[in-house]
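I am opening a new notebook page for this structure. My plan is to look up how the chains relate, then the domains, then one pair of helices.

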There are 2 protein chains.
Amino acid sequence: MSSEDRWLLPEGIEESLPDEAAWLEHYRRSLLDMFSTWGYELVITPLIEYLDSLLIGPSDDLDLQTFKLTDQLTGRMMGVRADMTSQVARIDAHMLKREAPTRFCYLGTVLHTRPSGRDLTRSPLQLGAELYGHAGVDSDVEVICLMLETLKLVGIENICLDLGHVGIYTSLMRQAGLNAEQQKSLQALLQQRALPEYEQFLSACSLEEEWQEILMALSDLSGNEGMLDSAKKVLQNTNSSVIENINYVEELSKRVMQRSPEIQIHFDFAALSGYRYQNGAVFAAYISGQGEQIARGGRYDAIGEVFGRSRPATGFSLDLKALAKISPHALQAIQGIFAPNDDDPQLHEKIMQLRAQGERVICELSGQSGDALSMQCNRILNKEKQQWIVKERK
Amino acid sequence: MSSEDRWLLPEGIEESLPDEAAWLEHYRRSLLDMFSTWGYELVITPLIEYLDSLLIGPSDDLDLQTFKLTDQLTGRMMGVRADMTSQVARIDAHMLKREAPTRFCYLGTVLHTRPSGRDLTRSPLQLGAELYGHAGVDSDVEVICLMLETLKLVGIENICLDLGHVGIYTSLMRQAGLNAEQQKSLQALLQQRALPEYEQFLSACSLEEEWQEILMALSDLSGNEGMLDSAKKVLQNTNSSVIENINYVEELSKRVMQRSPEIQIHFDFAALSGYRYQNGAVFAAYISGQGEQIARGGRYDAIGEVFGRSRPATGFSLDLKALAKISPHALQAIQGIFAPNDDDPQLHEKIMQLRAQGERVICELSGQSGDALSMQCNRILNKEKQQWIVKERK
């Protein structure tokens, strides 16, 4: 590799230069502070862990997306975190062991072996919040409202909220008598929205006609509130848990609408894309009219079971770097004060005073190239009548 | 692996639970804000890069400490950052290309294949500052003073500053006629402070007696200011650059003492431990009487050359998690307000008001276990005469 391209970054691996880094730092603080006022406590999860701890769900996708490393101390396989939910589940189940509901938030880079998301990144800056220890609509509503507040805080408007329930589809497949293999294939086709292949596969499963019709209808059951009644009609003869789950989602939507009447709600009982360990209500935020999710979450009860403690849980996550790209909020560039190269102790004192007041003061270095302008300073320190004074740059 | 130990973290890989995470977040902000007032701009470097970009120095140590990964998209070798200096050098040389001096800071986790440092960690939270584009005492003084301010800000006192110059030792070995292989072996022995082996190896090199004496004397040349004169005496007949480098370090110490008269300064011209790419003045901070470095840095001119642009550079770095362990500053726990489960719109409004004022308000979830006390709330919201009022918890 020649020196000319040693600066190349791998595809989907990004760095943040000063302007973007300042934006991310600013909103990191605003968002974590907001989460804190809602009772969500920050945790910092490890960058790497043993694979057994990271890959606790049924998702092959997470396994494929995880970079693998060998621990030279033990020879065991480790992975770079591709997601933080299993890590937070471990903290809830094993480290804190609280009885009462527990709220966590986190912010950090995760790595994926392959690019994904609207920016085709392999290193999203994952921001998330999770609520452990409560089953029911209250906690899902809280987490959805916190997700919507997060988007609002960075200035994103015209939000469309997708609501669904992973349990509806999985329960129907079981009731229809499909085996595990068939269920997996059908789910994969639905996730890819490959509907002709889905229909073809379903026909080949030789189900009773009624179940075939129900599963076909479901792939198409999406829309606004009016759709809920037709869904209940189509599914009226199925196991009662299915109707209960539809009612749960309906209740969820009503409660969210009370708090955020300005958002659009869309229902989709066959949307499974991107949900790795969720097993209850699921939700995702879009910008109206645009294709890619900007945040998503859902309920993943019992995720802590492998760590010795099963608790209900719900949460959401998003990529803060993706939000930085679509947020209409820009930060003002900092304009500093340029201090001349002079070892006068009074100057040093003045500089330290200004810095303590939050001013950026840049000291001239002897013989340096560049003046106040090229150092992004709109003011200079100047000595007048034995006093160091801040003046506008000429 | 049984479910009982799936929660085990690999040796030297840590997580931060809420108390420690809050401390780290608090001082992250104070420190980055302080760096900003000195003109240091935050950059966020990638977690992984191609190995060619990460391993640009002569250090085998950095190579051994770097976790390796294969990029599935290209088949090329990547590494997890074990240090951020080469990444910042790439940003200075290739991305920003400013002519004037440029100041950067960074804060993020790096990974090492083997434990090191006072806490035997493999995942330090590296905080650092770097100044590109200026050669000379001014920039070294600025960086050292910023390092001392950093330690002061987290409450660490009794700081001892070690000063040295990598150029002195490497120049003497060259003048003595040692070949590259011999130089490397001797440096390694000095780094380990294996002095008997060092002496033995030196004797076997069959040098002129004068050089043998000089190199033996050097391994022992450390002490306070008084040592500088004896060093100059021992080295008076060597290449003039050696005396110039000693004078440079002397000047550095005087300038730092002017700013921070309270610290102890110690000189060591054979201390090479932990310096990976430095080639000029080097410095390290200790707590007086304790063995392990808590911060270190130095000058690494021309580091950007492999990225197509050679500039002088100086900087320092430290592990913020290690400082968290020794800092005397603790944060007060946040005491929240517990809000009852009630869908009164007035309550919701009151909650949002309190949160906007920075209060932590935790909403009761229907049927939850745990009361205000177990939710770390010292106050509750109570309805009196149609008004929601914050009251002390009984």
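**Entry 1: the two copies**

I laid chain A on chain B: the RMSD is 0.1 Å, after a turn of 180° and a shift of 0.0 Å along the axis. The two copies are thus related as by a two-fold rotation axis. I note that this is a predicted model.

Which residue of chain A comes closest to the rotation axis? I found A:L69, with its C-alpha at 3.5 Å.

Next I looked up the interface. I found that 100% of the interface residues of chain A are also interface residues in chain B, so the copies meet through the same surface.

**Entry 2: domains of chain A**

I looked up how chain A is divided. Domain 1 covers 18-326, and domain 2 covers 336-392. I then checked their C-alpha centres, which lie 51 Å apart.

**Entry 3: a helix pair in chain B**

I turned to helix α5 (residues 137-153) and helix α11 (residues 240-259) of chain B. Their axes come within 10 Å and cross at roughly 45°. That makes α5(B) oblique to α11(B). I noted the hand of the crossing as right-handed.

Which residues meet there? From α5(B) I listed B:V137, B:D140, B:V141, B:I144 and B:C145. Their partners in α11(B) are B:Y248, B:E251, B:L252, B:R255, B:V256 and B:R259. I sorted this contact by class: 7 residues are nonpolar, 4 are charged and none is polar.

Methods: Residues numbered from 1 in each chain as written. Chains lettered and ligands numbered in written order. Predicted model: local features only at pLDDT ≥ 70, side-chain atom pairs only at ≥ 80, totals over all residues. Axes fitted to C-alpha atoms, helices over the stretch in contact; angles between N-to-C directions. Helix = DSSP H or I, 4+ residues; strand = E, 2+ residues; numbered from the N terminus. Parallel < 35°, antiparallel > 145°, perpendicular 65-115°, else oblique. Left-handed = near helix turned anticlockwise from the far one by under 90°. Contact = placed C-beta atoms within 7 Å. Nonpolar A, V, L, I, M, F, W, Y, C, P; charged D, E, K, R; others polar. Domains from an automatic or database assignment. Least-squares fit on C-alpha atoms with pLDDT ≥ 70 in both.
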